[in-house]
Amino acid sequence: MGFIRFLLACAVVLCHTSTIMGYSPVSGNLAVQCFYIISGFYIAMVLTEKYNRPGGNYQFYVNRALKIYPAYWLILVLLVGWSIIVYYFHYPGTLDFYTRYAHPTLPTLLYLVLANLLIIGLDWTFFFGIHQNGGLYFTNDFNKTRPSVYNFGFNSIAWTVGVELAFYLFAPWLSKRKYPVLLLLFLASLCLRCILAGQYTDRMPWNYMFFPTQLMFFIAGIFSYRFYTRYVKNKAGLWMQFVPYGLLIAVVLFYYQFFPETYLKQSLLFLSVAVFMPFAFEATKKSRADRFLGNLSYPVYISQSFVIKFVFARRFPKIIDLGFTSLLTVILLALLINILLMEPIEKLKAKRLNRLHAPAA
């Protein structure tokens, strides 16, 4: 599944830049929701197979933090530095929203600082507007607020990680629930999404940034993992592994090449991910190359905000077009982050996990 995760991360980059000679895979918002399904699968797997013992939940939370925060903080430092530079030269940047477009009150500023540092709360910025006096107020349509509060995030794209963190909070509990409870939660999330879609004409943030309406994707991933353990793990032959895997790759790559966009088409995409993922995982679980690409997916995703800042500059040389240049630059930066930062952290995580599994003296 590493290659699929890598493709989805690249799809988000192209969504935020441009197509490559007119081509793009699945759109960014659909790619993110596919990520949620995959996350539900993987988190259910590690909680069941690696952390299902005394002290496991604590180790799970610590190792998740080690996975997410070091790379995020590195990019955050780079983005803050970039913002200071462009602010000094009077080019528009994130700092302008703090000093020129609004003057946040102390509570507002505290919230924004903590959200930028901890990621938790970045997804909430889409539910607020900011008064001229610097205070926050609730809004059901962030596009009508001036300025929009999400612009106060230095790495605002990381709001999706905020949704992930909300899932991690409940994941140890969810992974132990029986099918009726999970099904009830899935249907509740789906019904809430439908209700809000009818009330707010299916617009953001209710259909995308609101964790309760995204919970169904994570639960779909949990169902997918349970299907894997019961029917696929060590049971599916090679053709049963690679045919669904190839179909899943084709769905991601050529989603926009066939049929007009409809809710049915989106539903079939999500269903394809949930159903084909167990077979794709079985086909690739021993592949080092696939694991390497999977490890690149998070650095690619989290570093794109920084790369986009300077690739969009007119003087930055473009190869083929903006989309290709941005994607190539993001991948090169992700490789550096993975080698210099993420791989040492993975070794640290492995040591912590080994201590968890070591027999008591």
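**Exercise 1. Place K309 in the predicted model.**
Task: find which residues K309 contacts beyond its neighbours within four places in sequence, then describe its setting.

Solution.
- Step 1. With neighbours within four places in sequence left aside, K309 is in contact with L79, W82 and T94. This comes from a predicted model.
- Step 2. Assign the element. K309 belongs to helix α11, residues 288-311.
- Step 3. Classify the exposure. The relative accessibility of K309 is 34%, so K309 counts as partly exposed. The partly exposed class lies between under 20% (buried) and over 50% (exposed).
- Step 4. Check one long-range distance. K309 and H103 are 206 residues apart along the chain, and their C-alpha atoms are separated by 24 Å.

**Exercise 2. Do the same for D123.**
Task: decide whether D123 is buried or partly exposed, and list what D123 touches.

Solution.
- Step 1. D123 sits in the loop between α5 and β1.
- Step 2. Its relative accessibility is 4%, so D123 counts as buried.
- Step 3. Not counting residues up to four places away in sequence, D123 touches W159, G162, V163 and M209.
- Step 4. Compare sequence and space. D123 and L76 are 47 residues apart in sequence and 16 Å apart, C-alpha to C-alpha.

**Exercise 3. Read the faces of α7.**
Task: work out how the buried residues of α7 are arranged around its axis.

Solution.
- Step 1. Check the length. Helix α7 (residues 179-199) has 21 residues and spans 30 Å from first C-alpha to last, close to the 30 Å expected at 1.5 Å a residue.
- Step 2. List the buried positions: L182, S189, R193 and L196.
- Step 3. Look down the axis. The buried residues of α7 fall within an arc of 75 degrees, so they line one face of the helix.
- Step 4. Turn to the other side of α7. There P180, L184, I195, G198 and Q199 are exposed.
- Step 5. Find the partners. The buried residues of α7 pack against α2, α6 (159-174) and α8 (211-232).
- Step 6. Look past the end. T201 follows α7, and its phi is positive, near 50 degrees.

**Exercise 4. Analyse the aromatic pairs.**
Task: find how the pair F126 and Y150 is arranged, and what the pair ties together.

Solution.
- Step 1. Set the context. The whole structure holds 40 aromatic pairs.
- Step 2. Take the geometry. F126 and Y150 are 5.2 Å apart, centre to centre, with 15 degrees between the planes. Planes under 30 degrees apart count as stacked, and this pair is stacked.
- Step 3. Locate the rings. F126 is in the loop between α5 (106-118) and β1 (128-130), and Y150 is in the loop between β2 (136-138) and α6, so the pair ties together parts 24 residues apart in sequence.
- Step 4. Contrast the exposure. F126, at 5% relative accessibility, counts as buried. Y150, at 26%, counts as partly exposed.
- Step 5. Widen the view. Ring pairs join Y36, Y51, F60, Y61, F167, Y168, F170, F211 and F218 into a cluster.
- Step 6. Add charges over rings. The charged end of R5 sits over the ring of Y42, 5.1 Å from its centre. K265 lies over the face of Y255, at 4.4 Å from the ring centre.

**Exercise 5. Describe the core.**
Task: find which helix gives the largest share of the largest nonpolar core.

Solution.
- Step 1. The largest nonpolar core has 111 residues; M1, L8, V26 and F167 have the most contacts inside it.
- Step 2. Helix α2 (residues 28-49) gives the largest share of this core, 15 residues.
- Step 3. Zoom in on V26. Not counting residues up to four places away in sequence, V26 touches L8, A11, A31, V252, Y255, Y256 and L269.

Note on methods. Residues numbered from 1 in each chain as written. Predicted model: local features only at pLDDT ≥ 70, side-chain atom pairs only at ≥ 80, totals over all residues. Heavy atoms only, no water. Core = buried A, V, L, I, M, F, W, Y, C linked by side-chain atoms within 4.5 Å. Buried < 20%, exposed > 50% of the residue type's maximum accessible area, 1.4 Å probe, protein only. Helix = DSSP H or I, 4+ residues; strand = E, 2+ residues; numbered from the N terminus. Contact = heavy atoms within 4.5 Å. Expected span 1.5 Å × (residues − 1). Arc of directions from axis to C-beta. Phe/Tyr/Trp six-rings, centres within 6.5 Å; stacked < 30°, edge-to-face > 60°. Lys NZ or Arg CZ within 6 Å of the ring centre and 35° of its normal.
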